[in-house]
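Visitor: I should like a close look at a single part of this model. Please take one helix and explain its surroundings in a connected account.

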Amino acid sequence: MSQTLAKWMTLFLVVTIMFTPILYYLDTLNRKAVDAVLQQGLKEASIEGYMSNEVVNKMVDTLVNDYNFDEDVIDIAGTTLYTQRKEYIEITITVPRTPVFILNIFNQGSKKLVRKSIIMSEYVG
Amino acid sequence: MGTVLRTFFLVLIWAQIMVMQTNYDSDETATRRLHNGLELAVHDATLQIIPAELTEGKIVFDQDVAEQVLMQTFKENLLLDSTLQPENESFFNNQIKIVYLEYIDHSTRPTGYPFNYYNADYNLLEIVNGPSIVAIVETNSPRHFLGDPPILRQAVVYEYKGPL
């Protein structure tokens with residue numbers, strides 16, 4: 001009986017140990033993807049003078065097609081009005097985080113990955 | 001007993017690998033954010049030119065304003081306070097220093113673009129096509145676990161873009 005119990009308890013540990021590094025790596029890669037998309041989006045928004053629909057669609061497209069995010073869960077907010085040159089444009093990308101521990105018995109940290117950045121507009125008008 | 005020992009060593013090795021992984025991940029993420037943040041900051045700084053010089057066809061940076069704007073954007077994007085010390089919610093743990101800032105414009109270099117910009121102190125080589133700002137920042141990596149945190153240093157050369 002005690003041996004069976006010990007084996008079962010070890011099983012939990014072993015499963016957690018097997019999956020944590022790769023899941024942690026996945027989380028890292030997701031953050032990297034969101035950072036890259038946000039940076040590119042900001043530069044394009046800066047040239048246009050606001051966060052236009054094309055910029056948003058392009059960001060969503062990249063996240064969905066290249067990085068395998070689910071389209072429904074991506075939330076992109078930002079400055080949608082024309083902004084004068086030297087005024088700040090802001091973009092925020094919110095996506096859900098993937099779990100780090102495969103068994104949901106530890107603290108997984110925050111549920112969402114939120115990245116916000118600002119850049120000055122280059123728009124002349 | 002055998003199972004206990006095996007489990008113990010497995011957990012120990014796992015913990016060490018995870019420490020290594022999270023440390024490397026902190027280095028990588030911090031490097032990327034440092035570079036991205038600086039790029040946006042220098043981009044904003046390059047927009048600050050003196051309009052009077054522009055009417056004569058010269059692009060000359062307004063250095064005081066440019067530096068203010070650079071600091072402002074850098075602080076906002078990386079969540080730092082006025083001395084570039086990280087705030088609580090910032091990803092960074094250590095103060096970030098702007099170690100080098102150079103303005104290449106028509107007042108310091110009227111002609112001769114493009115040219116190979118070379119900074120011997122930081123071993124920075126870049127083709128500069130027009131008036132640009134060069135900025136280099138450094139900080140210690142915000143590692144969660146002990147270990148010698150490496151110095152992360154990032155350089156950005158950003159060119160003036162806009163109406164001539």
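Guide: The account below follows helix 1 of chain B, from its contacts with the other chain to its packing within its own chain, and then turns to chain A. The model is a predicted one.

Helix 1 of chain B spans residues 2–46 and, together with helix 3 (63–78) of chain B, makes up the elements that give two or more residues to the side of chain B that touches chain A. Between the two chains, 22 residues of chain B are in contact with 21 residues of chain A. Helix 1 of chain B gives the most to this side of chain B, with 15 residues. Sorted by class, the side of chain B that touches chain A holds eight nonpolar, nine polar and five charged residues.

One residue of this helix may serve as an example. T3(B) lies in helix 1 of chain B. Leaving aside residues up to four places away in sequence, T3(B) touches A6(A) and T10(A). T3(B) nevertheless counts as exposed, because it has 12 C-beta neighbours inside 10 Å, and a residue with 12 or fewer is classed as exposed. The C-alpha atom of T3(B) is separated by 61 Å from that of Y118(B), which is 115 residues away along the chain.

Helix 1 of chain B also packs against helix 3 of chain B. The axes of these two helices come within 8 Å and cross at roughly 145 degrees, and the crossing is right-handed. On the side of helix 1 of chain B, the contact is made by R33(B), G37(B), L38(B), L40(B), A41(B), V42(B), D44(B) and A45(B). Helix 3 of chain B contributes A66(B), V69(B), L70(B), T73(B), F74(B), N77(B) and L78(B). The residues of this contact divide into 10 nonpolar, three polar and two charged.

In the partner chain, helix 1 of chain A lies across strand 2 and strand 3 of chain A, running at about 25 degrees to strand 3 of chain A. These strands belong to an open sheet of three strands in chain A, with the order 1-2-3 and antiparallel pairing. Its edge strands are strand 1 (75–78) and strand 3 (112–120) of chain A. Nine bridges join strand 2 of chain A to strand 3 of chain A; E90(A), for instance, has I118(A) in strand 3 of chain A as its bridge partner.

As for confidence, chain A has a mean pLDDT of 90, and 100% of its residues reach 70 or more. Among the elements of chain A, helix 1 (residues 2–48) has the lowest mean pLDDT (90), and strand 2 (residues 88–96) has the highest (95).

Definitions and conventions:
Residues numbered from 1 in each chain as written. Chains lettered and ligands numbered in written order. Predicted model: local features only at pLDDT ≥ 70, side-chain atom pairs only at ≥ 80, totals over all residues. Contact = placed C-beta atoms within 7 Å. Helix = DSSP H or I, 4+ residues; strand = E, 2+ residues; numbered from the N terminus. Nonpolar A, V, L, I, M, F, W, Y, C, P; charged D, E, K, R; others polar. pLDDT = per-residue confidence, 0-100. Buried ≥ 20, exposed ≤ 12 C-beta atoms within 10 Å, placed from the backbone. Axes fitted to C-alpha atoms, helices over the stretch in contact; angles between N-to-C directions. Left-handed = near helix turned anticlockwise from the far one by under 90°. Pairing = 2+ DSSP bridges.
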